[in-house]
Amino acid sequence: MQQTPTKLDHFVSADQVDPSLAMRLIARAAAFKAGATPTLPQPTYVANLFFENSTRTHTSFEMAERKLGMTVLPFEPKTSSVTKGETLSDTLRTLAAIGTQVAVIRHPQDDYYTPLIAEDIPLHLVNAGDGAGQHPSQMMLDLMTIYEEFGHFDGLTVGIVGDLTHSRVAHSDMQLLTALGATVVFSGPQTWYTPEFEAYGAYVPLDDLIPQVDVLMLLRVQLERLSPAELTEFDAASYHDRFGLTAARYAQMKPGAIIMHPAPANRDVELAGSLVTAPRSRIFTQMTNGVFMRMAMLELVCTP
Ligand code: CP
């Protein structure tokens with residue numbers, strides 16, 4: 001972990017965020033939500049490069065950029081020179097050369113950003129998700145949503161349940177939640193609780209975990225990242241029965257406990273379809289908060 005930064009050139013990983021910076025970003029995002037005026041230098045040019053599909057992160061970054069007064073350059077990988085074999089490095093050098101100051105990137109390759117940062121290309125990189133690596137803006141909007149609900153992290157128990165292995169959300173969130181004083185526990189198929197999770201929290205069978213947690217964070221089963229053997233074995237109804245939030249499990253949650261999910265949610269897999277908008281669900285609040293948190297993150301990297 002670095003010293004508490006007052007400025008980040010790039011925002012790519014939970015490793016860059018300590019509790020003090022997390023709280024500063026939460027406060028700034030809450031101020032934006034309450035109507036604070038952005039102070040970004042203008043013009044600031046940004047391109048969003050999404051090499052993996054996205055609904056929320058892409059539109060939320062673009063909404064945040066527009067609310068900040070940034071000028072958004074359209075970029076579509078399928079119609080760019082990426083299709084002619086241009087490297088990501090050369091694409092970014094090109095964008096920098098024409099005056100783009102910020103590149104928001106989602107890419108299927110884990111840690112795609114480390115070699116790019118080492119190249120010192122003169123633009124700010126913001127990671128919108130790398131493979132099964134990191135998803136720092138999702139982490140920050142999740143933290144904002146929890147803080148908005150409870151007003152603290154200390155003493156909270158957060159259950160992270162589901163496809164842990166393939167989840168960049170789990171990898172990012174567990175780091176900061178524990179650093180902020182929350183207790184993290186995990187559940188779901190035990191084969192997905194790999195050794196990297198042991199340092200952050202124990203595995204707890206789902207029916208024992210449900211009544212303990214203040215926050216139940218459900219993770220999408222990432223069918224696109226399962227091995228052929230895992231995909232053959234996967235059965236949605238059986239998963240829901242064993243590891244999903246059913247109406248019966250919902251009834252076992254603590255008073256005041258909330259449900260979160262980064263979405264898109266597989267209805268009737270991670271949770272019953274009827275629970276997506278249940279009173280305890282904060283799934284759409286997460287999306288609302290994402291815009292304000294991304295404004296705070298972009299402001300941090302863009303402000304000189
Ligand atoms: N939560 C999230 O990253 O959603 P998208 O894949 O739709 O961006």
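Biologist: Rings of Phe, Tyr and Trp (its six-membered ring) count as a pair if their centres lie within 6.5 Å. Which residues form one aromatic cluster?

Modeller: This is a predicted model. In this model, one aromatic cluster is made up of Phe 186, Tyr 193, Phe 197 and Tyr 203.

Biologist: How many aromatic pairs does a search of the whole structure find?

Modeller: The search returns nine aromatic pairs. One of them joins Tyr 147 and Phe 153, whose ring centres are 5.7 Å apart. Their planes meet at 25°, so this pair is stacked.

Biologist: Why is the pair of Tyr 193 and Phe 197 stacked?

Modeller: Planes under 30 degrees apart count as stacked. The planes of Tyr 193 and Phe 197 are at 25°, with the ring centres 6.4 Å apart, so the pair falls into that class.

Biologist: Are these four residues buried or exposed?

Modeller: Tyr 147 is partly exposed, at a relative accessible area of 29%, while its partner Phe 153 is buried at 4%. In the other pair, Tyr 193 is buried at 15%, and Phe 197 is buried at 0%.

Biologist: Turning to charges, which ring does Arg 28 lie over?

Modeller: Arg 28 lies over the face of Phe 32, 4.3 Å from the ring centre. In addition, Arg 294 has its charged end over the ring of Phe 61, at 5.0 Å from the centre.

Biologist: Now the helices. At what angle do the axes of helix 1 and helix 5 cross?

Modeller: The axes cross at roughly 75° and come within 10 Å of each other. Helix 1 covers residues 19–33 and helix 5 covers residues 136–150. Angles of 65 to 115 degrees count as roughly perpendicular, and helix 1 and helix 5 are therefore described in that way.

Biologist: Which residues meet there?

Modeller: Helix 1 contributes Ala 22, Met 23, Leu 25, Ile 26, Ala 29, Ala 30 and Lys 33. From helix 5 come Met 140, Leu 143, Met 144, Tyr 147 and Glu 148. The contact residues comprise ten nonpolar, no polar and two charged. Tyr 147 thus appears in this helix contact and also in the stacked pair with Phe 153.

Biologist: A different topic: where does Arg 168 lie, and is Arg 168 buried or exposed?

Modeller: Arg 168 belongs to helix 6, residues 168–179. Its relative accessibility is 8%, so Arg 168 counts as buried.

Biologist: What does Arg 168 touch?

Modeller: Leaving out residues up to four places away in sequence, Arg 168 touches Glu 52, Arg 106, Gly 129, Asp 130, Gly 131, Ala 132, Gly 133, Gln 134, His 135 and Arg 225. Gln 134 is 34 residues from Arg 168 along the chain, yet their C-alpha atoms are separated by 4.5 Å.

Biologist: And which residues is Thr 57 in contact with?

Modeller: Thr 57, in helix 2 (residues 56–67), is buried at 5% relative accessibility. Apart from neighbours within four places in sequence, Thr 57 is in contact with Phe 50, Arg 106, Ala 128, His 135, Ser 137 and Arg 294. Arg 106 and His 135 are also among the contacts of Arg 168.

Biologist: Finally, in which helix does Gln 286 lie, and what does Gln 286 touch?

Modeller: Gln 286 is part of helix 11, residues 283–302. Gln 286 has a relative accessible area of 2% and is buried. Beyond residues up to four places away in sequence, Gln 286 touches Gln 138, Leu 141, Asp 142, Thr 145, Met 260, His 261 and Pro 262.

Definitions and conventions. Residues numbered from 1 in each chain as written. Predicted model: local features only at pLDDT ≥ 70, side-chain atom pairs only at ≥ 80, totals over all residues. Heavy atoms only, no water. Phe/Tyr/Trp six-rings, centres within 6.5 Å; stacked < 30°, edge-to-face > 60°. Buried < 20%, exposed > 50% of the residue type's maximum accessible area, 1.4 Å probe, protein only. Lys NZ or Arg CZ within 6 Å of the ring centre and 35° of its normal. Axes fitted to C-alpha atoms, helices over the stretch in contact; angles between N-to-C directions. Helix = DSSP H or I, 4+ residues; strand = E, 2+ residues; numbered from the N terminus. Parallel < 35°, antiparallel > 145°, perpendicular 65-115°, else oblique. Contact = heavy atoms within 4.5 Å. Nonpolar A, V, L, I, M, F, W, Y, C, P; charged D, E, K, R; others polar.
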